[in-house]
Amino acid sequence: MKYTNVYNVLPIDIIKVIQEYVDGEYLYIPRKEEEKKKWGEQSGSRDTLKKRNVEIYLKYIKGVEILDLAQGYYLSDKSIRRIISQQKKIMSTNNT
C-alpha cells in the first residue's frame, strides 16, 4: 500500500474537516465493499493454488499415493487429504 498526499486528491474544505478529527496522523481509508478483492486475486496466488490442487487430485485419481503427493508438493498428508476431499466436492457439483 502506498501513501497519497491528501492535497493531491481532496478539496481543501474536506481536508480541513478531516483535520478536525485527525490532525497530522495516518488515516487508512478502506476500499468500497464492491471493489474489494479476495486473497490472492491480485497476485495470482489464488489461481496458482487452484491449479495445483486440481493437479494433486488428478494424480491421486491416477493412483499416486497420498504420502508420495505430500512429499512431492511439500505438504502434510493431512493437507493432501483435505485437498482431495475439496476437489471431490467441486468435481461432483460440477458434474450435477
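**Exercise 1. Place Ile61 in the fold and classify it as buried or exposed.**

Step 1. Locate the residue. In this predicted model, Ile61 lies in helix 2.

Step 2. Apply the cut-off. Exposed means over 50% relative accessible area. Ile61 has 52% relative accessibility, so Ile61 counts as exposed.

Step 3. Add a distance. Ile61 and Arg82 are 21 residues apart along the chain. Their C-alpha atoms are separated by 15 Å.

**Exercise 2. Work out how Asn53 and Asp47 are classed by accessibility.**

Step 1. Find the element. Asn53 sits in helix 2. Asp47 is found in helix 2 as well.

Step 2. Classify Asn53. Buried means under 20% relative accessible area. Asn53 is at 11%, so Asn53 is buried.

Step 3. List what Asn53 touches. Leaving out residues up to four places away in sequence, Asn53 touches Ile83 and Gln87.

Step 4. Classify Asp47. Partly exposed covers the range between the buried and exposed limits. Asp47 has a relative accessible area of 45%, so Asp47 is partly exposed.

Step 5. Take the distance from Asp47 to Val17. The two residues are 30 residues apart along the chain, and 43 Å separates their C-alpha atoms.

**Exercise 3. Identify the largest nonpolar core and the elements that supply it.**

Step 1. Name the members. The core has nine residues: Ile56, Tyr57, Ile66, Leu69, Ala70, Tyr73, Ile80, Ile83 and Ile84.

Step 2. Assign the elements. Helix 2 (45-61), helix 3 and helix 4 each give two or more residues to this core.

Step 3. Rank them. Helix 3 gives the most, with four residues.

Step 4. Look at one member, Ala70. With residues up to four places away in sequence left out, Ala70 touches Leu75, Ser76, Asp77 and Ile80. Ile80 is itself a member of the core.

Step 5. Link back to Exercise 2. Ile83, touched by Asn53, also belongs to this core.

**Exercise 4. Describe the backbone and the surroundings of Tyr74.**

Step 1. Locate Tyr74. The residue is found in the loop between helix 3 (66-73) and helix 4 (77-94).

Step 2. Read the backbone angle. Phi of Tyr74 is near 55 degrees. That is a positive value in a residue other than glycine.

Step 3. Classify the exposure. Tyr74 has 77% relative accessibility, so Tyr74 counts as exposed.

**Exercise 5. Place Val6 and give its separation from Lys37.**

Step 1. Locate Val6. The residue is in the segment before helix 1 (12-21).

Step 2. Classify Val6. The relative accessible area is 29%, so Val6 is partly exposed.

Step 3. Compare sequence and space. Val6 and Lys37 are 31 residues apart in sequence. From C-alpha to C-alpha they are 24 Å apart.

**Exercise 6. Decide whether the chain is spread out or a compact globule.**

Step 1. Count the elements. The chain has four helices and zero strands. From the N terminus, the order is α-α-α-α.

Step 2. Compare with the globule rule. The radius of gyration is 23 Å, and the rule gives 12 Å for 96 residues. The value is well over the rule, so the chain is more spread out than a compact globule.

Step 3. Give the extents. Along its principal axes, the C-alpha trace spans about 65 × 35 × 20 Å.

Step 4. Give the burial. Buried residues make up 15% of the 96 residues.

Step 5. Check the contacts. Take those with a separation of 6 or more. Residues 24 or more positions apart account for 30% of them.

**Exercise 7. State how surface and charge are divided over the chain.**

Step 1. Take the area. The accessible surface comes to about 8,600 Å². Carbon and sulfur atoms hold 52% of this surface.

Step 2. Count the charges. There are 18 positive and 13 negative side chains.

Step 3. Separate the two sets. Their centres lie 9 Å apart.

Definitions and conventions:
Residues numbered from 1 in each chain as written. Predicted model: local features only at pLDDT ≥ 70, side-chain atom pairs only at ≥ 80, totals over all residues. Heavy atoms only, no water. Rg over C-alpha atoms; globule rule 2.2 N^0.38 Å. Buried < 20%, exposed > 50% of the residue type's maximum accessible area, 1.4 Å probe, protein only. Contact = heavy atoms within 4.5 Å. Areas by Shrake-Rupley, 256 points an atom, 1.4 Å probe, with all protein chains shown as cover. Lys, Arg positive; Asp, Glu negative; His and termini not counted. Charge placed at Lys NZ, Arg CZ, Asp CG, Glu CD. Core = buried A, V, L, I, M, F, W, Y, C linked by side-chain atoms within 4.5 Å.
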